[in-house]
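Ready for a little structure reading at the bench? Keep the sequence and the 3D view open side by side, and try each task before you look at its solution.

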Amino acid sequence: TRLALREPTLWRQQALIAGRWCDADAAGTCAVHDPADGLRLGSVPDMGAAETRCAIDAADAAFPAWAGKTAKQRAQVLRRIHDLMLAHQEDLARLLTAEQGKPLAEARAEIAYSAGYFEWFGEQAKRMDGEVIPGHVPGVRLLALRQPVGVVAAITPWNFPSAMLGRKVAAALAAGCTVVCKPAVQTPFSALALGVLAERAGLPAGVLNIVTGADAAAIGAEMTSNPKVRKLSFTGSTAVGRRLMAQCADGLKRLSLELGGNAPFIVFDDADLDAAVAGAIASKFRNSGQTCVCANRLLVQDGVYDAFAEKLVAAVQALRVGPGLTGETDQGPLIDAKALEKVEAHVADALAHGARVATGGHRHALGGTFYAPTVLLDATPQMRLAHEETFGPVAPLFRFKTEAEAIALANATEYGLAGYFYTRDNARAWRVAEALECGMVGLNTGLISTEVAPFGGIKQSGFGREGSQHGLEDYSHIKYVCIGGL
Ligand code: ADP
């Protein structure tokens, strides 16, 4: 097949429940397509509420033994998952590119990034320290223990099918939780490959369950209503995140929500323009603009607007567009027709409101869901792309005059995930970093993601932090023990 895997067993078309690989039943299958040409890659079982309930039961049954292992034992399994992912990096990258569309080089990087979470959280598992607090009255000591929250449900999107799952699963497993996850229906194979490797790494049956299906609402309804699930971790759109939070209210489930973004990317007059262009290309055009931390609005100061635009256009025109599996490319297709339509609608709306096309502005000659890398000039807050996540390869340039104006523009969004800015002024660096209303800031860089740093948002971009020493907090609770009679 087009996948040409060295290890074909990594490609599974079955779901994983209670340590068993499950075929489709009467409900049938969901087809998975390669977004580069629309061809069918394969299929996965179309599961719903009943299968989700079985998976939750399995995770619940597996929980005491997994939580009861020493941190070192859990860390050893996580370490093996990391090592296996790197040993199979090329195959995993090919699977990822086939189902998701990103260039192979980006897919390889995602696999390494995803594996990094298993390494990091395996190490962190050993640092789930508690506290001993001096007594408040004679003869007592007070303890604070950290314990795993229990069964975790994880719902992940299609844009980073390996990394978005890895960062949740690794943290949950490290803390001693068991997991039921639902990958996006467009990209289930990366998740299932992770299931194969987890099994090989010695992860006990039922500790990681993977439910596939097209009816996300049915699977999500079971996850949010089942009392055995103690926590939901979700990465996806703000609309779905809100809905899931409401569904979790009755059961008072713990939540981590990593939702949409609308990142500003500010270029000040005193910026290193070449560095800013490189950062803008990395931040805006990676994964064809389909990342939640993508620069969505490029705010450029008056004095360098024209020079920056010229350099950016040259860099954008040099991007190589094409299918990720064949040849060296910088930009792949969009995930599906709906995504393409949204990008087209945003560009049409911008043009209707006075924007000018500097390059691109139309579908790519390759057809399908390929869209030409685009730079728009004279963008204004009246345009849809100022308020909504475009999720495509479109860089709109807004013009501003003062620092205060830039900050106001940057924060004029309901979202608060990432923000970027370029300056060589040290005092301004501090001022702007502190003034941006977002969970993550890139100063003189367009790439911020790493497992060792806390990833997450504020405002309508959600809450909770993934990665870093804080990442385990989302999967553990504190139990206070008061010891008397001393
Ligand atoms: P995107 O625009 O990235 O597809 P979504 O929020 O729609 O964002 O999807 C992210 C994940 O949430 C996917 O796995 C999707 O299947 C899932 N999802 C979508 N709707 C629901 C829902 N009502 N309940 C639970 N999960 C959902």
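The exercises below walk through this predicted model, each with a worked solution.

**Exercise 1. The annotated active site**

Task: Find the residue that UniProt marks as "active site" and decide whether it is buried or exposed.

Solution:
- Start with the record: an unreviewed UniProt entry places the feature "active site" at Glu 258.
- Next, locate the residue in the fold. Glu 258 belongs to strand β11, residues 254-258.
- Now apply the cut-off: a residue is buried if 20 or more other C-beta atoms lie within 10 Å of its own. Glu 258 has 28 C-beta neighbours inside 10 Å, so Glu 258 counts as buried.
- Finally, look at the contacts. Leaving out residues up to four places away in sequence, Glu 258 touches Thr 235, Cys 292, Gly 456, Gly 457, Gly 462, Gly 464 and Glu 466.
- For context, the unreviewed UniProt entry also gives "domain: Aldehyde dehydrogenase" at residues 21-481. That span is 40% helix and 21% strand, and its end C-alpha atoms lie 41 Å apart.

**Exercise 2. The shell around the ligand**

Task: Work out which residues come nearest to the ligand and which elements give two or more residues to the shell.

Solution:
- There are 14 residues around the ligand, and Ala 216, Gly 220, Gly 236, Ser 237 and Val 240 come nearest.
- Two or more residues each come from α7 (216-225) and α8 (238-249).
- Sorted by character, the shell holds 8 nonpolar, 4 polar and 2 charged residues.

**Exercise 3. A mixed sheet and its edges**

Task: Trace the sheet of 7 strands, and explain why one side of β14 and of β18 is left without a neighbour.

Solution:
- Follow the order β14-β15-β16-β13-β12-β17-β18: this is an open sheet with mixed pairing.
- At the edges stand β14 (356-359) and β18 (440-443); each has a single partner strand, so one side of each lacks a neighbour in the sheet.
- On average, neighbouring strands here are turned by 25° against each other, direction ignored.
- Zoom in on one pair: β15 (residues 374-379) and β16 (residues 394-400) run in the parallel sense over 4 bridges. To check the register, match Val 375 with its bridge partner in β16, Ala 395.
- Then add the helix: α9 (residues 273-285) lies across β12 (263-267), β13 (295-301), β16 and β17 (418-422), at about 160° to β17.

**Exercise 4. An antiparallel sheet**

Task: Give the strand order in the sheet of 3 strands and say which strands stand at its edges.

Solution:
- The order is β5-β6-β20, an open sheet with antiparallel pairing.
- β5 (131-134) and β20 (476-483) are the edge strands.
- Between β6 (residues 141-148) and β20 there are 8 bridges in the antiparallel sense. Within this pair, Ala 144 stands opposite Tyr 480.

**Exercise 5. Two positive phi values**

Task: For Asp 378 and Phe 391, find phi, then decide how exposed each residue is.

Solution:
- Asp 378 is a residue other than glycine with a positive phi, near 60°, and lies in strand β15. With 16 other C-beta atoms within 10 Å, Asp 378 is partly exposed.
- Phe 391 has a positive phi too, near 55°, and sits in the loop between α12 (384-387) and β16. Phe 391 has 24 C-beta neighbours inside 10 Å and therefore counts as buried.

Terms used
Residues are numbered from 1 along each chain as its sequence is written. This is a predicted model: local features need pLDDT of at least 70, side-chain atom pairs count only at pLDDT 80 or more; totals for chains, interfaces and linings use all residues. A residue is near a molecule or strand if its C-beta atom, placed from the backbone, lies within 6 Å of it. Ala, Val, Leu, Ile, Met, Phe, Trp, Tyr, Cys and Pro count as nonpolar, Asp, Glu, Lys and Arg as charged, and the others, Gly among them, as polar. Two strands pair if DSSP finds at least two bridges between them. Axes are lines fitted to C-alpha atoms, for helices over the stretch in contact, and angles run from 0 to 180 degrees between N-to-C directions. Two residues are in contact if their C-beta atoms, placed from the backbone, lie within 7 Å. UniProt positions are given in the numbering used here, feature names are shortened, and annotations may be inferred rather than shown by experiment. A residue is buried if 20 or more other C-beta atoms lie within 10 Å of its own, exposed if 12 or fewer, and partly exposed in between; C-beta atoms are placed from the backbone.
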